[in-house]
Amino acid sequence: MPLKKDVVVIGAGAAGMMCAIEAGKRGRSVLLLDHATRLAEKIRISGGGRCNFTNRTAAPENFLSHNPHFCRSALARFTPEHFIALVDKHNIRYHEKKFGQLFCDDSSQQIIELLRHECDEAGVQWQMPCRVTNVTRLSAGTPGFMLETDIGDLTTDSLVIATGGLSIPQIGSSSFGYRIAEQFRINVMPLRAGLVPLIFSGEQLTQLSNLAGIALDAEISCNGGRFRENLLITHRGMSGPAILQISSYWRQGLPIHINLLPDIDAKTWLFDHRHWPALLSNVLTQHLPRRFAKAWIDAFTGVQDEPINLYDDKSLKRIAGQLHDWQVTPEGTAGYRKAEVTLGGVDTRELSSRTMEAIKVPGLFFIGEVVDVTGHLGGFNFQWAWASGHAAGQFA
């Protein structure tokens, strides 16, 4: 006879473990499956190995979705304070870096151990590695599923898909969750890499190559998104927190707009120095790195680097405009290998925002990154994992 469980969770990452914990606390028999041999690799490598486990400021406005209100219910019921309480319970020391981002003082392994301990306390059973080869309904219109796996057949009343997205395939990501959704005729919104470096080609890449290695504090905007953080110019294009953030808004063919001097009025500043005999690049070094100032003028302004007192008013106004709105158009992104998240996913219009259960398929739940809810950089995606996992765990 197949092994029978009340709840089977496929995917032992952040969302999957949280869901298993909550379902186990309700007295449900829970089995957690994962095809990986090592537990929660994405948690382990996150935050430079220290896991940016949440963000104190998490709110629906920090998430992208084709249905932007969907995340409100889950986020309201499991807040950053709830997860911080768990961290405190396990005596994990942490610190706030900036903008509400919380990191472990020591290691991301502490968060994995926290979740593993909570699963054990809730009576969750594990099977790793375990590959699921087929999923079928027990009978039409009746909750319940048969899973064929490489450890044998399983049946369950509730099946939770927490298999993540396509980002970072080198640690085992897959399209499994999307295939299950499509099998049950649940719509999947278009997928693309998010929180990912942008790459350039042709003349723009040649121009940027002279600036590789330079980091700047800048405000970057595109397609309704706007972020003020560091920008890093690389040998392939641009990266850094500001670029990762704006990549989730960027679409093919759109320019990104870079304000190099977000704290000052460039026109007023340049006109205040218009009688100086100093080179324009030397004036710019008051606010920009020296190597950047010279190369940027030569490559992007259309003027020669001359003493600032030789420029007429029209030229200074144009340069000021470029300092506040330097426009470059990426060729593409660095793809899923470098992406922190996958944008798109299981259509939230097909799910209950209260339970994460598929409206058309009773007993089938989707949580975490596989769902079309994607957070900004800075701990928001972990908060969605905790919140969506917690929501499903109350009902699965």
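User: What makes R228 and D217 a salt bridge?

Analyst: The closest N and O atoms of R228 and D217 are 2.8 Å apart. A salt bridge needs a side-chain nitrogen of Lys or Arg within 4 Å of a carboxyl oxygen of Asp or Glu, so the pair qualifies. R228 sits in strand β14 and D217 in strand β13, 11 residues apart. This is a predicted model, where local features need pLDDT of at least 70, side-chain atom pairs count only at pLDDT 80 or more, and totals for chains, interfaces and linings use all residues. Residues are numbered from 1 along each chain as its sequence is written, and side-chain values use heavy atoms, with hydrogens and water left out.

User: Why is R228 called partly exposed?

Analyst: Its relative accessible area is 31%. Buried means under 20%, exposed over 50%, and partly exposed in between (1.4 Å probe, protein chains only), so R228 gets the middle label. D217, at 38%, counts as partly exposed too.

User: How do you know that β13 and β14 pair?

Analyst: Strands pair if DSSP finds at least two bridges between them, and β13 (residues 215-222) and β14 (residues 225-233) have eight, in the antiparallel sense. One example: L216 has L231 in β14 as its bridge partner. Strands here are DSSP E runs of at least two residues, helices are H or I runs of at least four, and both are numbered from the N terminus.

User: What makes β17 and β18 edge strands?

Analyst: The open sheet runs β17-β16-β13-β14-β15-β12-β18. β17 (326-328) and β18 (332-333) each have a single partner strand, so one side of each lacks a neighbour in the sheet.

User: What about K98 and E229: which is buried and which is partly exposed?

Analyst: E229 is buried, with a relative accessible area of 8%, while K98 is partly exposed at 37%. They form a salt bridge, with the closest N and O atoms 3.5 Å apart. K98 lies in the loop between β5 and β6 and E229 in strand β14, so the pair ties together parts 131 residues apart in sequence.

User: Why are α4 and α5 called roughly perpendicular?

Analyst: Helix α4 (residues 80-89) and helix α5 (residues 109-121) pack at about 90 degrees. Angles run from 0 to 180 degrees between N-to-C directions, using axes fitted to C-alpha atoms, for helices over the stretch in contact. Under 35 degrees is roughly parallel, over 145 roughly antiparallel, 65 to 115 roughly perpendicular, and the rest oblique. The α4 and α5 pair is therefore roughly perpendicular.
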